[in-house]
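Here are my notes for someone opening this structure for the first time. Have the view ready and follow along point by point.

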Amino acid sequence: MVKIYPSLLSADFLNLKAELEALEQAGVDGVHFDVMDGQFVPNISIGLPILEAVNAGTDLTIDVHLMIEDPENFIPEFAAKGADMISVHAEATPHIHRAIQLIHAHGAKAGVVINPGTPVAMIEPILHDVDYVLIMTVNPGFGGQAFISQNIDKVSALHAYKEKHDLDFDIEVDGGINEVTAEQCVNAGATMLVTGSYFFKQTDYGKVVSALKAQDN
Ligand code: DX5
Ligand code: ZN
C-alpha cells in the first residue's frame, strides 16, 4: 500500500508537537522534512535544530529532503540529528554516488531526487544503490505549487526500469499532491506520496490518509 509522508513545511510550527501527535494518530508512514538553503532553491526553510526537536517529539520515520548545494557537507549532521532517510538532488552535487554512500555510512536510508527538468536517465547508474527515488512534481522551493503532469511519464519510466532490473527502491513523488494527482502517480508506480498544503488544510488528517491510501488498489 502506498506510503504517506506529510511535508512539515505546511504544518503549524507553533504547534508542532500537537501536529506530530495528530499525524501519528492519523496513521501516516512518516514525515517529510524540507531543508532549503537559499542557494540551490530560492527559499530558506528549516534545518538542524528543528530536526532535533522533531526527532525528540515523535517516533515517526523522518524523511529529510535536502534542497541544498554541496549536500555532502551536511549529511553526517542530519543523520546525527535524527534523519532516518536522506535524499539529495542529483543536480546539487557532481558526486551523487559518493553522497549516497555517505548517507548509508551514517546509517540512514538513501534517496536521490530529480527536478522536473532532469531526465531519469541521469540517475540510472545509481539506481542499484538507492533505497528510494524522489521525482519532483513541482520545481523545488515552495509549498502550494501546481502539479506538473509531465512528471508522471518519469514515474512510469522509473517503474519500468525497476521491474526490468528487479529492483525494490521506493518511488516518491513530491509537489502538488492531492487526491487527484495522487491517483495518477500511484497508477504510474509511485509508492510514497509527499503532501504538504493539501494535507494540512484538512481538518481530519485520518480521513485524508485513508483517502490517499485508497488510490492504491
Ligand atoms: C517543495 C517541497 C515539498 C513541499 C510540498 O520544494 O519539496 O515537499 O512541501 O508541498 P505541496 O504538497 O504543497 O506542493
Ligand atoms: Zn520535499
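1. Start with the lining of the largest pocket, where the residues split into 10 nonpolar, 13 polar and three charged. Do keep in mind that this is a predicted model. The lining takes in 26 residues, and those nearest the pocket's centre are Gly143, Gly144, Asp174, Gly175 and Gly176. Strand S2 (30–36), strand S3 (61–67), strand S8 (192–195) and helix H7 (197–200) each give two or more residues to this lining. As for how much space there is, the largest pocket comes to about 310 Å³.

2. Next, have a look at the second largest pocket, at about 160 Å³. Its lining has five nonpolar residues, one polar and five charged. If you want to pick some of them out, Lys3, Tyr5, Lys109, Asp131 and Met192 are among them. Also on the list are Phe169 and Asp170, which come back in point 6.

3. Now the metal. Which residues hold the zinc ion (ligand 2) as protein donors? They are His32 through NE2, Asp34 through OD, His65 through ND1 and Asp174 through OD, at 2.0 to 2.3 Å from the zinc ion. Along the chain, the spacing of these donors reads H-x1-D-x30-H-x108-D. His65 belongs to strand S3 and Asp174 to strand S7 (residues 170–174), so this pair ties together parts of the chain 109 residues apart in sequence. Both His65 and Asp174 are buried. Asp174 also links this point to the first one, as one of the residues nearest the centre of the largest pocket.

4. Why call the zinc arrangement octahedral? Six donor atoms sit around the zinc ion (ligand 2), and the angles they subtend run from 70 to 170 degrees, which makes the arrangement octahedral. The cut-offs behind that label are opposite donors over 155 degrees apart and all others between 65 and 115.

5. Two aspartates deserve a check of their backbone angles. Asp70 is not a glycine, yet its phi is positive, about 45 degrees. You'll find Asp70 in the loop between S3 and helix H3 (75–80). With a relative accessible area of 42%, Asp70 is partly exposed. Asp166, again not a glycine, has a positive phi of about 55 degrees. The loop between helix H5 (151–164) and S7 is where Asp166 sits. Is Asp166 buried or exposed? Its relative accessible area is 69%, so Asp166 is exposed.

6. For a look at the interior, try Val133 in strand S6 (residues 132–136). Val133 counts as buried because its relative accessibility is 0%, where the cut-off for buried is under 20%. Leaving out neighbours within four places in sequence, Val133 is in contact with Val112, Ile123, Leu127, Leu158, Phe169, Asp170, Ile171 and Glu172. Asp170 is 37 residues away from Val133 in sequence, but their C-alpha atoms are 6.3 Å apart.

7. Ile44 is one to view from the outside. It's in the loop between S2 and H2. Ile44 counts as exposed, at 62% relative accessibility. Not counting residues up to four places away in sequence, Ile44 touches Met36, Asp37 and Gly38. From Ile44 to Gly141 the sequence separation is 97 residues, while the C-alpha to C-alpha distance is 8.1 Å.

8. Gly57 is in helix H2 (residues 48–57). A relative accessible area of 16% puts Gly57 in the buried class. Once neighbours within four places in sequence are set aside, its contacts are Lys17, Leu20 and Glu24. How far apart in space are Gly57 and Ala157? They're 38 Å apart, C-alpha to C-alpha, with their positions 100 residues apart in sequence.

9. Last stop: Asp204, in the loop between H7 and helix H8 (205–213). Asp204 is partly exposed, with a relative accessible area of 42%. Its C-alpha is 24 Å from that of Ala53, a residue 151 places away along the chain.

Note on methods:
Residues numbered from 1 in each chain as written. Chains lettered and ligands numbered in written order. Predicted model: local features only at pLDDT ≥ 70, side-chain atom pairs only at ≥ 80, totals over all residues. Heavy atoms only, no water. 1 Å grid on protein atoms, 1.4 Å probe; cavity = no way out; pocket = protein on both sides within 12 Å on 5 of 7 lines; lining within 4 Å. Points joined across faces, edges and corners; volume = space filled by probe spheres on them. Helix = DSSP H or I, 4+ residues; strand = E, 2+ residues; numbered from the N terminus. Nonpolar A, V, L, I, M, F, W, Y, C, P; charged D, E, K, R; others polar. Donors = N, O, S within 2.8 Å, 3.2 Å for Na, K, Ca; no water. Tetrahedral: all angles 85-135°; square planar, octahedral: opposite > 155°, others 65-115°. Buried < 20%, exposed > 50% of the residue type's maximum accessible area, 1.4 Å probe, protein only. Contact = heavy atoms within 4.5 Å.
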